[in-house]
Amino acid sequence: MARRFVVEADGGSRGNPGPAGYGAVVLDAETGEPLAEVAEYIGTATNNVAEYKGLIAGLRAAYALDPEAEVRVRMDSKLVIEQMSGRWKIKHPDMRPLAAEAKAIMPPGQLAYEWIPREKNKHADRLANEAMDAGKRGEQWQPKVPPGGTPAAGAPEAAAPADDALAEPAATGAPAVGWGAADLGTPATFVLLRHGETPLTPEKRFSGSGGTDPGLSDVGRHQAERVAAALAARGTIQAIVTSPLRRCRETAEAVARRLGLDVRVEEGLRETDFGAWEGLTFAEVKERHPDDLEAWLASSKVAPTGGGESFAAVTRRVALSRDKLIARYTGRTVLLVTHVTPIKTLVRLALGAPPETLFRMELSAASLSAVAYYADGNASLRLLNETAHLR
């Protein structure tokens, strides 16, 4: 039988909008034992954004404990419960991406939603207030219940109640204040491999997920074998995940053969859809669509000509895949075989850098980068664009 969890979540804003935070607890459905606590100060936000953030964090915590579990979500937010249950339409543009993010964490058949009055949601309410109090002091909230554990004695009772999808997903949590003394355990480490060359790569043509899906060239296949040999020599890769596009799958399969590992496909790691620009050079796009290109370069929210994807849209799906993979591979080193935009996006989110950073990074074919993700929600860039194995 599948395990059964209860997720209680809440969020609040002292000002609406104002200083905001969320809290969530995962309970064993049979015993009521707290299995995990999560909370975070999220800066200035509305009550509803904080509530959705609490839901997302609670679902991620439950997924990390057991991705196959049956989960009943209980919240005192009528809005979130009714919208996530499908009974109310999601009209506010800030709520739609948050609801989509929550829906993607676990299959809908494993989830049920229940509204509860505020007085029955004290645990999550307390966590949200603790997170806001910690943020006000310039500190980071610390859990009293380790994943799978039991609460520490003397946990405080609930404090006074508090109640945009941000276009930019967080790096993975609040910035660290100095170097923490706590032992955060082994991070989930993503080794990021850009696929080998295709016939389009040396011509510097737009090659995304909306084009011809080219395979590796002879040069690209040679690069894939070289990087496979280098990764085998290091002996650190424990799993392989790839974009669904052919050039990445071929690169991943070359590594998998050398390492003796299976390959898992993750749809969210695909390259940007460049719309009508697919297969064109930058100069050709500038000649044919000058105004569209200028607007695209100026804003991450602008999509390429002909219904492509904006960088903001790519960022949302890459961040969601990142969080799913962190939960699945906690404490492990995983090779992600993907493309220029997803890799640069993961790097810039880890650094908390602005969208224009995408245009300021060099990322060669078959290059390696690496980001480590820690239990407190922080990330550390360990490597960028290494190509020594190709020389």
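Where does asparagine 16 lie? In this predicted model, asparagine 16 is found in the loop between E1 and E2. Proline 17 belongs to that loop too, which runs between strand E1 (4-13) and strand E2 (18-28). The peptide bond joining asparagine 16 and proline 17 is cis, with omega at about 5 degrees. Asparagine 16 also has a positive phi, about 50 degrees, although it is not a glycine. Its relative accessible area is 41%, so asparagine 16 counts as partly exposed.

From this loop the view may be widened to the chain as a whole. The secondary structure consists of ten helices and eleven strands. The chain has 391 residues, and buried residues make up 51% of them. The exposed area of the chain is about 17600 Å², and carbon and sulfur atoms supply 51% of that area.

The interior is considered next. In soluble globular proteins, nonpolar side chains tend to be buried together. The largest nonpolar core of this model holds 36 residues. Those that touch the most other members are Tyr52, Leu55, Leu59, Val71, Val73, Met84 and Tyr113. Helix H1 (residues 47-65) gives the largest share of this core, nine residues. A second, separate core has 20 residues, among them Ile326, Ile343, Leu346 and Val347.

Valine 73 offers a way into the packing of the largest core. Not counting residues up to four places away in sequence, valine 73 touches Val7, Leu55, Leu59, Ile81, Ala112, Tyr113 and Glu114. Leucine 111 can be placed relative to valine 73: the two residues are 38 residues apart along the chain, and their C-alpha atoms are separated by 7.3 Å. Leucine 111 lies in strand E5 (residues 111-115). With its neighbours within four places in sequence left aside, leucine 111 is in contact with Leu59, Val71 and Met106. Is leucine 111 buried or exposed? Its relative accessible area is 16%, and residues under 20% are classed as buried, so leucine 111 is buried.

Attention now turns from the packed interior to open space. Rolling a probe the size of a water molecule over the atoms shows where empty space is left. The second largest pocket has a volume of about 940 Å³. Its lining comprises 32 residues, and Arg194, Lys204, Arg205, Val340 and Lys344 lie nearest the centre of the pocket. Two elements, helix H8 (290-298) and helix H10 (340-351), give two or more residues to this lining. The largest share, three residues, comes from H10. By class, the lining of the second largest pocket contains 15 nonpolar, nine polar and eight charged residues.

Two of the residues nearest the pocket centre, Lys204 and Lys344, lead to further local features. Lysine 204 is located in the loop between strand E6 (188-194) and helix H5 (218-234). Like asparagine 16, lysine 204 is not a glycine but has a positive phi, here about 55 degrees. Its relative accessibility is 69%, so lysine 204 counts as exposed.

Lysine 344 can be related to threonine 357, which is placed in the loop between H10 and strand E10 (368-373). Threonine 357 and lysine 344 are 13 residues apart along the chain, and their C-alpha atoms are separated by 8.2 Å. Which class of accessibility does threonine 357 fall into? Threonine 357 counts as buried because its relative accessibility is 16%.

Two further pairs complete the path through the model. Glutamate 253 lies in helix H6 (residues 246-259). Its relative accessibility of 37% falls between the limits of 20% and 50%, so glutamate 253 counts as partly exposed. Glutamate 253 and isoleucine 240 are 13 residues apart in sequence, and the distance between them, C-alpha to C-alpha, is 9.2 Å.

The last pair involves the segment after strand E11 (379-386), where arginine 391 is found. Arginine 391 counts as exposed, because its relative accessibility is 72%. Arginine 391 and arginine 226 are 165 residues apart along the chain, whereas their C-alpha atoms are separated by 9.3 Å.

How values were computed: Residues numbered from 1 in each chain as written. Predicted model: local features only at pLDDT ≥ 70, side-chain atom pairs only at ≥ 80, totals over all residues. Heavy atoms only, no water. Helix = DSSP H or I, 4+ residues; strand = E, 2+ residues; numbered from the N terminus. Buried < 20%, exposed > 50% of the residue type's maximum accessible area, 1.4 Å probe, protein only. Areas by Shrake-Rupley, 256 points an atom, 1.4 Å probe, with all protein chains shown as cover. 1 Å grid on protein atoms, 1.4 Å probe; cavity = no way out; pocket = protein on both sides within 12 Å on 5 of 7 lines; lining within 4 Å. Points joined across faces, edges and corners; volume = space filled by probe spheres on them. Nonpolar A, V, L, I, M, F, W, Y, C, P; charged D, E, K, R; others polar. Core = buried A, V, L, I, M, F, W, Y, C linked by side-chain atoms within 4.5 Å. Contact = heavy atoms within 4.5 Å.
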